Amino acid sequence: MTKAKDYQALSLELDEVLAKMQQPDVRVDEAVALYEQGLKLIEELEKHLQQAENKIEKLKLAASQPVEK
């Protein structure tokens with residue numbers, strides 16, 4: 001089982017995909033494959049952001065709760 005990549009690793013991988021797509025000699029079939037790979041990376045990045053947002057909301061909710069003594 002492979003370890004899930006963190007946000008930064010996914011972001012760097014997406015940057016590499018985008019750089020490859022911008023090459024003047026990229027073939028159409030390769031560009032399509034890179035596009036598909038980029039979409040998958042974006043989906044994973046969005047999942048990371050959603051998880052971070054959910055965590056922040058939980059922390060804010062916990063911080064707003066009165067402390068029982």
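This is a short tour of the structure above, with suggestions on what to select next. Keep in mind as you look around that the model is predicted.

**Stop 1: the helix α2**

Select residues 28–64, which make up helix α2. Try the distance tool on the C-alpha atoms at the two ends of α2: they are 53 Å apart. How does that agree with what 37 residues should span? At 1.5 Å a residue, α2 should span 54 Å, so the model agrees with the expected value.

Now colour four residues of α2: Leu-34, Gly-38, Leu-41 and Leu-45. These four are buried. Look for what lies over the buried residues of α2, and you will find that the cover includes α1, residues 7–21.

**Stop 2: the core**

Which residues form the largest nonpolar core? Select Leu-10, Leu-14, Val-17, Leu-34, Leu-41 and Leu-45: these six residues are the ones. Both helices take part, since α1 and α2 each supply at least two residues of this core.

Stay with Val-17 for a moment and show its surroundings. Leaving out residues up to four places away in sequence, Val-17 touches Leu-34, Gln-37, Gly-38 and Leu-41. Leu-34 and Leu-41 are also among the core residues, and Gly-38 is one of the buried residues of α2.

**Stop 3: along α1**

Next, click on Glu-13, which lies in helix α1. Is Glu-13 buried or exposed? Its relative accessible area is 19%, and buried means under 20%, so Glu-13 counts as buried. Setting aside neighbours within four places in sequence, Glu-13 is in contact with Lys-5, Gln-37 and Leu-41. You have met Gln-37 already, as one of the residues that Val-17 touches.

Move to Ser-11, also found in α1. Ser-11 is partly exposed, with a relative accessible area of 25%. Draw a line from the C-alpha atom of Ser-11 to that of Leu-45: the two residues are 34 apart in sequence, and the line is 7.3 Å long.

Then pick Gln-8, another residue of helix α1. Gln-8 is exposed, at 57% relative accessible area. A line from the C-alpha atom of Gln-8 to that of Ala-31 covers 23 Å, and these residues are 23 apart along the chain.

**Stop 4: the loop**

Go to Val-26, in the loop between α1 and α2. With a relative accessible area of 22%, Val-26 is partly exposed. What does Val-26 contact, leaving aside its neighbours within four places in sequence? Show Lys-20, Met-21, Ala-31 and Leu-34, which are in contact with Val-26.

**Stop 5: charged pairs**

Side chains of opposite charge can pair when their charged atoms come close. How many salt bridges does the structure hold? There are six, and we will visit some of them.

Start with Arg-27 and Glu-30, whose side chains meet in a salt bridge at 3.9 Å, N to O. Arg-27 is exposed, at 52% relative accessibility, while Glu-30 is partly exposed, at 31%. Add Asp-29 to your selection, and you have a network of salt bridges linking Arg-27, Asp-29 and Glu-30.

Now travel along α2 to Lys-47. The side chain of Lys-47 meets that of Glu-43 in a salt bridge of 4.0 Å, N to O. Lys-47 also has a salt bridge with Glu-44, at 3.3 Å, N to O. Why can you look for such partners along one helix? An α-helix has 3.6 residues a turn, so residues three or four places apart point the same way. Lys-47 and Glu-43 are four residues apart in α2, about one helical turn. Glu-44 and Lys-47 are three residues apart in α2, again about one turn.

Check how open these residues are by showing the surface. Lys-47 is partly exposed at 42% relative accessible area, Glu-43 is partly exposed at 44%, and Glu-44 is partly exposed at 32%.

**Last stop: a patch on the surface**

Keep the surface on and select Tyr-35, Leu-39 and Ile-42. They form a nonpolar patch, with about 290 Å² of accessible area together. Leu-39 sits in helix α2 and, at 44% relative accessibility, counts as partly exposed.

Definitions and conventions: Residues numbered from 1 in each chain as written. Predicted model: local features only at pLDDT ≥ 70, side-chain atom pairs only at ≥ 80, totals over all residues. Heavy atoms only, no water. Patch = residues over 30% accessible without salt bridge, like charges linked within 9 Å, V, L, I, M, F, W, Y side chains within 5 Å. Areas by Shrake-Rupley, 256 points an atom, 1.4 Å probe, with all protein chains shown as cover. Buried < 20%, exposed > 50% of the residue type's maximum accessible area, 1.4 Å probe, protein only. Expected span 1.5 Å × (residues − 1). Contact = heavy atoms within 4.5 Å. Core = buried A, V, L, I, M, F, W, Y, C linked by side-chain atoms within 4.5 Å.
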